Amino acid sequence: MKKLFKGPNAGWNSFLVLLLVLEFVVFGSANPKFLRIPLLMTASNDFISICIISIFVTMVMITGGIDIQVSSIVGLTSIIIGVAWQDFGLNIWAAVALAVFCAALCGALSGFFVAYCGVQAMVVTLGGSFLYSGLALLVSSLSSTEAYKGISGFPDAFKAISKTKVFGVVPMQIIIFLLLAVFAWFLLHRTKYGRKIYLVGVNQTAAEYSGINSRLIIMSTYILAAVSAAVAGVVMTAYLGTSKSDIGGNLTMNIITACVLGGTLSTGGKGSILGTALASIAIGLLRFGMPLCFKINTQYLDIPIGVLLVVVVVGRALVNMPSVQAKLGKLRPKKEKAGS
Amino acid sequence: MSVIKKVLKAREVSSFCFLVALFLIVGVINPSFLKAENVTACFNTSVVYTLIAVGMAFAIFTGEIDVSVGSNLGFVAAVVGTMIQNGQNWFLAFGVGLVIGVIVGLINGWGVAVMKVPSLIFTLGTNGILRGLMYLTVGVQQVNQLPKSFKDISSMTLIGNFSIYYCCAVLLTIVIHILLTRTRKGRYFIAVGDNAGGADLVGIPATATKIWAYVICGVMAALGGIIFASRIGIVTSLSGNGYEMKAVAACVLGGISLSGGVGTVIGAAIGAVIMASISYLLVFMGFSSNYDNAITGVILMTIVVADALLQKRAAVKNRRARLAARTEKVTKEAAE
Amino acid sequence: MKKTVSIILALVMVLSLGAVAFAAEPASVEGMTVAFIPKVTGNAFFEVANQGAQEFAEDWGITVEYMGDATASAAAQVAVINQAVASGVDAICISTVDAAGVSDALQEARAAGVVVTTWDSDALVADRDLMVSQGTPEVLGQMLVDLAVAGLEDRGVDPAADEVNYCWHYSQATVTDQNSWQVEGEKIIAENYPNWTNVEPDNYYSEQDAEKSITVGEAVLDAHPDIDLIICNDSTALPGQLQAAENKGLTKDDVTITGFATPNAIKGYCTNGTLFNWGLWDCKIQGALGCYVAAYLAAGNEVTVGDTISVPGIGDVEVMANDCLNPDDETADVNNGVVLLPERAVFNAENMDNYDF
């Protein structure tokens, strides 16, 4: 039992650190520009939303769920900020608060269906991804600005979210990400709430019997994930200086990949914030380094990331199941053939 | 009596009723919709979704999922389209397409069943790889010079206004349904999904069954890809993008439980019609296409939540009935 | 290579300060590297433009790197721009997804000494040097209406007097250029053809999903049996709509379908008699031209409004003031302006085989 609460899987995290170092070495030697700090800092803007969201989706996955609606919430947040600010004349910060609140509601709705109605998380959030991206389009039609134009011209104070550079080099987004990561780490690994999340993921019935309101815990993780998506939406809107309903694009695959690569078990009960954070940075650097150093077109990036994902999960499966291996001894030659 | 009850209880029947209700609602809003050719158009337009949803159903029956079907479909469409465009023999092209489907299925099945990697994760990976391969295949030149004779098959009709493709898809679905419910090996798929450990204990080869499920899923996606190429006539590197989620949604709408072991391929086929015809029906309802996603989401969520609540109630009711029966027995015994 | 780049960068900086006047002979573009950025990859239009750029680049001795993302979103495009700047290109030639969204990224690129030109879809004029334009939204809106009118006349409908039911079918409400053409087209129709009725003022969208374009296409034909005209200003919507018409056995004599798409994608339908005409501009030339002017400026040449750039293999093009696209736009003194593509092409059964893209 104690082992369960030990938190981050140290071995896996050191593997991820190794992966990061490897990326720096390989990319850095292929193109020294990769190692220039200001460049790396600028590049981080382009994958920071993956990092921010995936640390909270990790919590959802630890409870045994999954959240594939977050990328549509990013767009919804962005367009609500724009429409509330420009067309309803709200103060920009009030608009941001409204957008984050709406996102939390969306998360709560999906979370409610998962936790209290017992619908599979995958299905609910799939429905959610349709619904919230559809709502984003409808919100954009409330605006006097045509949906295709994007609402821009935000006040400087708002844009400062992404333009401020701490100590002249570190962009504000990275600070936001680090703060959120520390917050999430504390929440998951140092509080009772975090322990409950793990317990629910390991065995919901047992958790329920030990007096945990497992449904509330599950629902709350979806709210947290939605709010983190909203934060990413705010950061992206400030960074791009424009509010559009499709700003989230298709982050989903990258987010899930980051969680899994970070050591989160998709069946629940296992995962760590540090692991996901490291993995999301590793994916971000891969997305940045591949085109920069090896001239791989952005549209082919799905291949290396897909390969990385498959190699990691298969490798992990191989390492983690010696007993099963013995049982499947007969199948092994076949396995290797298919693997090569 | 019990047969009727059983039929009414079947999930695909309620899905079918939902579809009919949907048609009727649209008919009330716009009476001109209720014409045979409009209703058949809804079915015809769903042919690709039907095929991939039936394939997906196999993966879901066994308690797994396959999110690589979209890219699989696109990749096959690209390869088959390129071959036919270059004047290769059609049947050779079809064969190559189906072989690709089998190989993708084998790889997915190996990862999921043999390596025990969570299926969502593994197929997410293969999805990325296949999409990338597709960019490489289609590259700069998109496939857009398919011969007329190949494309014309898609507008041929067989029975009434039903297209030849849709008729074949329905026939295939029915054959699969019969094989699944009437043969011993067919029942393995549901058994494995229902209780993999238990299935293993009674001698059902869970691993092999899962691999088979993925192979069937891959082949259905490949078939979908071939028909996609014939129906659309143009294959770009984005073709098939996102279809995997629509196939999952179709299965869910058709009453297939994502936790495995529950549902029929007929349900999947009906779900595919619901999924595909929403954008068609919206035009008749006079809604802007802006509502498309929102309405799809609402329908999906409503159905799954209602379904889950009904199931919960049924479970509670069953438990009570069992309890009542038991107490009755006990009291009877006590009385004796 | 690196040395030359830095020398050129220094030159560009000096030039932008306006301190040095250059000799009459333009500096050679040879050796320049241009990042050619489409809105989205995988779309025929952009792929063909890239093909054109690559073909010409070889003759000119420049390197064109095609860099794009499969998602047409500002966020993805900004990542690509940063990517291009980081990899040290001399110039960027971009079709923007959202002018406001990429504004900061382009400004940063220029601050880093990279020349920015645009093609197809413009950036904010202050964020770029030159634009290679296929025409203003008004010009293209007018072109769509003209295509439609020609198609209607061909089947004996009098566009000025007869009742015409029409609608628009394209990708989605969030795409910039297609919507701007639609808005302009609507204005022209409202002004000149009050006898036309738009059956769905909110338009039909198929989200660049080929399956959906057929489904929506069939639904439009079924729901509005009396429809006379469907304008599909999207390269996925047009073939889908045509396929839908073919499935229902309709030809150009029953309903007029027209729009923008590459010739190769539509030829088959034209041969079948499903449509009368469609249009586009030579996107191969446009892509190549965009890259050439980018390399031209990056090589240290300076242009002002009224100057002529002679492009080997294409011909002379004139730099015009920005207000030729949008009357409110101002033009900077040097290296700012618009290059208009010489012509837009209308394809029909007679001339379509002259084009292969």
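## Domains, sheets and contacts in a predicted three-chain model

The C-alpha centres of domain 1 of chain C and domain 2 of chain C lie 32 Å apart. The model described here is a predicted one, and the two domains come from a division of chain C into domain 1 (2-134 + 282-343) and domain 2 (137-280 + 349-354). Where they meet, seven residues of domain 1 of chain C are in contact with six residues of domain 2 of chain C. On the domain 1 side of this contact, helix H2 (residues 44-60) of chain C contributes the most, with three residues. By character, the residues on that side of domain 1 of chain C are four nonpolar, two polar and one charged.

### The eight-stranded sheet of chain C

Chain C holds an open sheet of eight strands, whose order is E2-E1-E3-E4-E5-E14-E13-E12 and whose pairing is mixed. Its edges are strand E2 (63-66) and strand E12 (308-311) of chain C, each of which pairs on one side only. From one strand to the next, the twist averages 25 degrees. As background, the strands of a sheet pair through backbone hydrogen bonds, and they may do so in a parallel or an antiparallel way.

Two helices can be placed against this sheet. Helix H2 of chain C lies across strand E1 (33-37) and E2 of chain C, and it runs at about 160 degrees to E2(C). Helix H10 (residues 283-298) of chain C also packs on the sheet, where it touches E1, E2, E3, E4, strand E5 (130-133), E12, strand E13 (315-320) and strand E14 (337-340) of chain C, and its direction makes about 165 degrees with that of E4(C).

How enclosed is E4(C) by the rest of the structure? Five of the five residues of E4(C) are buried, so this strand is largely enclosed by the rest of the structure. Both of its faces are covered, with Val115(C), Thr117(C) and Trp119(C) buried on one side and Val116(C) and Thr118(C) buried on the other. The chain arrives at E4(C) from E3(C) by way of helix H4 (residues 99-111) of chain C, and this β-α-β crossover is right-handed.

E4(C) has pairing partners that can be followed residue by residue. Strand E3 (residues 91-94) of chain C and strand E4 (residues 115-119) of chain C pair in the parallel sense over four bridges; in this pairing Ala91(C) stands opposite Val115(C), and Ile94(C) has Thr118(C) as its bridge partner. E4(C) is also joined to E5(C), which runs parallel to it, by three bridges, and here Thr117(C) stands opposite Leu130(C).

### Strand E9 of chain C

A second set of parallel pairings is built around strand E9 (residues 229-232) of chain C. Leu229(C) and Ile231(C) point one way from this strand, Ile230(C) and Cys232(C) point the other way, and all are buried. The chain passes from E9(C) to E10(C) through helix H8 (residues 237-247) of chain C, in a β-α-β crossover that is right-handed. The table gives the pairings of E9(C) with strand E6 (residues 164-170) and strand E10 (residues 256-259) of chain C.

| Strand pair | Bridges | Sense | Residues standing opposite |
|---|---|---|---|
| E6(C) and E9(C) | three bridges | parallel | Tyr166(C) and Leu229(C) |
| E9(C) and E10(C) | four bridges | parallel | Ile230(C) and Ile257(C) |

### How chain B meets its neighbours

Chain B touches both of the other chains, and the two contacts can be described in turn. Towards chain A, 42 residues of chain B are in contact with 43 residues of chain A. Helix H6 (90-114), helix H7 (119-138), helix H13 (243-253) and helix H15 (292-335) of chain B each supply at least two residues to this side, and H15(B) gives the most, with 13 residues. The residues of chain B that make up this side divide into 27 nonpolar, 11 polar and four charged.

Towards chain C, 26 residues of chain B are in contact with 32 residues of chain C. Here the elements giving two or more residues are helix H3 (36-44), helix H12 (206-232) and helix H14 (265-285) of chain B, and H14(B) gives the most, with five residues. This side of chain B divides into 10 nonpolar, 14 polar and two charged residues.

Within H3(B), the residues Asn38(B), Ala41(B), Cys42(B), Phe43(B) and Asn44(B) are buried. These buried residues pack against helix H4 (47-61), helix H9 (164-182) and H14 of chain B, together with helix H7 (210-223) of chain C.

Conventions
Residues numbered from 1 in each chain as written. Chains lettered and ligands numbered in written order. Predicted model: local features only at pLDDT ≥ 70, side-chain atom pairs only at ≥ 80, totals over all residues. Domains from an automatic or database assignment. Nonpolar A, V, L, I, M, F, W, Y, C, P; charged D, E, K, R; others polar. Pairing = 2+ DSSP bridges. Axes fitted to C-alpha atoms, helices over the stretch in contact; angles between N-to-C directions. Buried ≥ 20, exposed ≤ 12 C-beta atoms within 10 Å, placed from the backbone. Right-handed = clockwise from strand over helix to strand, strands pointing away.
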